[in-house]
Amino acid sequence: MELVGRSPHAIRMCICLTLLLLVTTGHSFYLPGVAPQDFVKGDLLKVKVNKLTSVKTQLPYSYYSLPHCKPQKIVDSAENLGEVLRGDRIENSPYVFKMREPQMCNVVCRITLNAKAAKEFKEKIADDYRVNMILDNLPLVVPYKRPDTDSWVYQHGYSVGLKTQYAGRTEEKYFINNHLTFTVRYHKDEETDAARIVGFEVQAFSVKHEYEGKWDDKTRLSTCDPHAKRIVTSSESPQEVEDKKEIIFTYDVEFQESEVKWASRWDTYLYMADDQIHWFSIVNSLMIVLFLSGMVAMIMLRTLYRDISKYNQLETQEEAQEETGWKLVHGDVFRPPVNSDLLCIYVGTGVQFFGMILVTMIFAALGFLSPSNRGGLMTAMLLLWVFMGLFAGYASARLYKMFKGTEWKKITLQTAFMFPGVLFAIFFVLNALIWGEESSGAVPFGTMFALVLLWFGISVPLVFVGSYVGFRKPAIEDPVKTNKIPRQVPEQAWYMNPVFSILIGGILPFGAVFIELFFILTSIWLHQFYYIFGFLFLVFIILIVTCAEITIVLCYFQLCSEDYLWWWRSYLTSGSSALYLFLYAAFYFFTKLNITKPVSGILYFGYMLIASYAFFVLTGTIGFYACFWFTRLIYSSVKID
């Protein structure tokens, strides 16, 4: 792409500024293997609580939205921009451990439910909500063995409770998990007494605790008593959730030494349960796409080489009585298209998006955006989007000047506001819906203001700077002159129909990414970690190659049919893969997700619409630039009188 080669200094400045901003957001920047914390025996370990999550509703809630046991004072942890947008609400908890000092049957608190509290607990249990906690930046997990293999798999957080019935009865009851058995795994330093936390697991049980006499601070439970060596290992007599019921929350803590070193502690979390299928599928997809790319490139080079040499020979032998094929439309091929302003805006936005994705993936593949840094990925993407406004303005202004445009300020304003404006409008409506559900996923007013400030305060001025630089440069010269009177496009064969060829063109780019898309959707909507950015980067490269090649091939066929209206067609050909992405998202919704609430369904399709629109702009721009380079190349290679 032309703009990349033009301003390496601007790129370096942009990357340095982004790095600086990421560092200054405090704990939002993380390098794997940096800043471990050592604990000696008896050190206080403070467990933090995060949001309640459900794959059924996709609406997160703060931990204390339910009447759980509270510490004396609830303290919010400072969250970065990405965490707030994800709905994370990290707060302190009444669970406090001492390093390597096991505890049994610790009573956290005793509550008596009223009708409102019982109803809230029942709703969350019915919607399969899970409680998320954090210790030393490690999320709490429930380990379970896969039935098909002997490997252990981790599930995030423990269930609030379960909905089931007593043996021999049909009426369903709600039971709360009120006893937690924590396991803290640590790696001990051989030379010193210090240890580092490498695992945080839990088993949750529902127990109807019993005691004798009146309740006070010294009351001993008969159902869980360390002195009588009576511990909770099952949910045989579960605690029912009903109005006026008394619930006693208890926990055990055990410490286990582990061989896992601190630097490798995230490996178990990031382990993909079905990684073999995953790798095989991606490799298979890459091989097919590479094979197709090779075939396409070979056909194109051979055909084009023959065409160009034939045209040049005809000129030398003065046999060019009747020109045929793509050379015939040389006088119209660079005629500015209809709605050229809109094309400039979309190309500029696509360049901005391309820059953001590329730099984010490089950072992620190098390990800068580890999942241990919650919200880091989203924060980085937002900041990069803002800074890439520079290239958006530059690309749209260069193209606009080539189309003989004069009102560069108008095109700059439209580039700065059109795409983000559409996204912000959809996001605002979705946020209002989340707000209506009183979910912690709703972006607060302060954060919304910060987003608007980033957009208006940094992105818009940078788009203007880019546009100013781009418009001051001399216009891109066409390799051939454009005729004053446009020629008529002959009637096309059915397979060269614009709608048909555009829809066909989107299949191959979508085919290159759809397997990876499945894992990305699973990580977003089923709350799993996604951390194979190296492979994702490879898939992204394949996507670029595929978009470029399919657009060039279809553009070549179009020009051979004497149809010179290629500008918009080239953008829409590869951009149509976004339609398949949205259709696949709908297929995924009905086959893989168990979403029942209408609001949750609207949220899913709203966010997938944003993702598809962004994918359209990205792939469309790649296709456009490939076709732009190709047409300039072939028309500058033949002799034209």
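The side chains of aspartate 332 and arginine 335 meet in a salt bridge, with 2.6 Å from N to O. By salt bridge I mean a side-chain nitrogen of Lys or Arg within 4 Å of a carboxyl oxygen of Asp or Glu. Aspartate 332 is buried, and arginine 335 is buried as well; buried stands for under 20% relative accessible area, exposed for over 50%, and partly exposed for what lies in between, with a 1.4 Å probe and protein chains only.

I should state at once that this is a predicted model, in which local features need pLDDT of at least 70 and side-chain atom pairs count only at pLDDT 80 or more, while totals for chains, interfaces and linings use all residues. Residues are numbered from 1 along each chain as its sequence is written, and side-chain values use heavy atoms, with hydrogens and water left out.

Let me continue with the charged pairs. Side chains of opposite charge can pair when their charged atoms come close. Another salt bridge joins aspartate 341 and lysine 410, at 3.3 Å from N to O. Aspartate 341 belongs to helix H7 (residues 340–365) and lysine 410 to helix H10 (residues 408–436), so this pair ties together parts that are 69 residues apart in sequence. Helices here are DSSP runs of H or I with at least four residues, and strands are runs of E with at least two, numbered from the N terminus. Aspartate 341 is partly exposed at 23%, and lysine 410 is partly exposed at 36%.

A salt bridge also links lysine 122 with glutamate 242, whose closest N and O atoms are 3.2 Å apart. Lysine 122 is in helix H4 (residues 115–126), and glutamate 242 is in the loop between strand S12 (195–205) and strand S13 (246–257), so the pair connects parts 120 residues apart in sequence. In addition, Lys51, Arg86 and Asp88 form a network of salt bridges. How many salt bridges does the count come to? The count is 23.

I turn to the interior. The largest nonpolar core has 109 residues, and Trp326, Leu559 and Trp566 are among those with the most contacts inside it. Helix H17 (residues 598–637) gives the most to this core, with 17 residues. Such a core is a set of buried Ala, Val, Leu, Ile, Met, Phe, Trp, Tyr and Cys residues joined through side-chain atoms within 4.5 Å. Apart from the largest core lies another, of 54 residues, including Tyr95 and Phe121.

Two single residues deserve a word. Glycine 466 has its place in helix H11 (residues 445–472). Is glycine 466 buried or exposed? At a relative accessible area of 3%, glycine 466 is buried. Leaving aside neighbours within four places in sequence, glycine 466 is in contact (heavy atoms within 4.5 Å) with Leu390, Gly393 and Tyr394. Proline 474, by contrast, is exposed at 64%, in the loop between H11 and helix H12 (498–505). Not counting residues up to four places away in sequence, proline 474 touches Arg398 and Lys401.

Finally, confidence. The mean pLDDT, the predictor's confidence in each residue from 0 to 100, is 85 for the protein, and 91% of its residues reach 70 or more. Among the elements, helix H1 (residues 2–6) has the lowest mean pLDDT, 36, and helix H16 (residues 577–592) the highest, 96. Over residues 1–33 the pLDDT is below 50. Where pLDDT is low, the predicted coordinates should not be read in detail.
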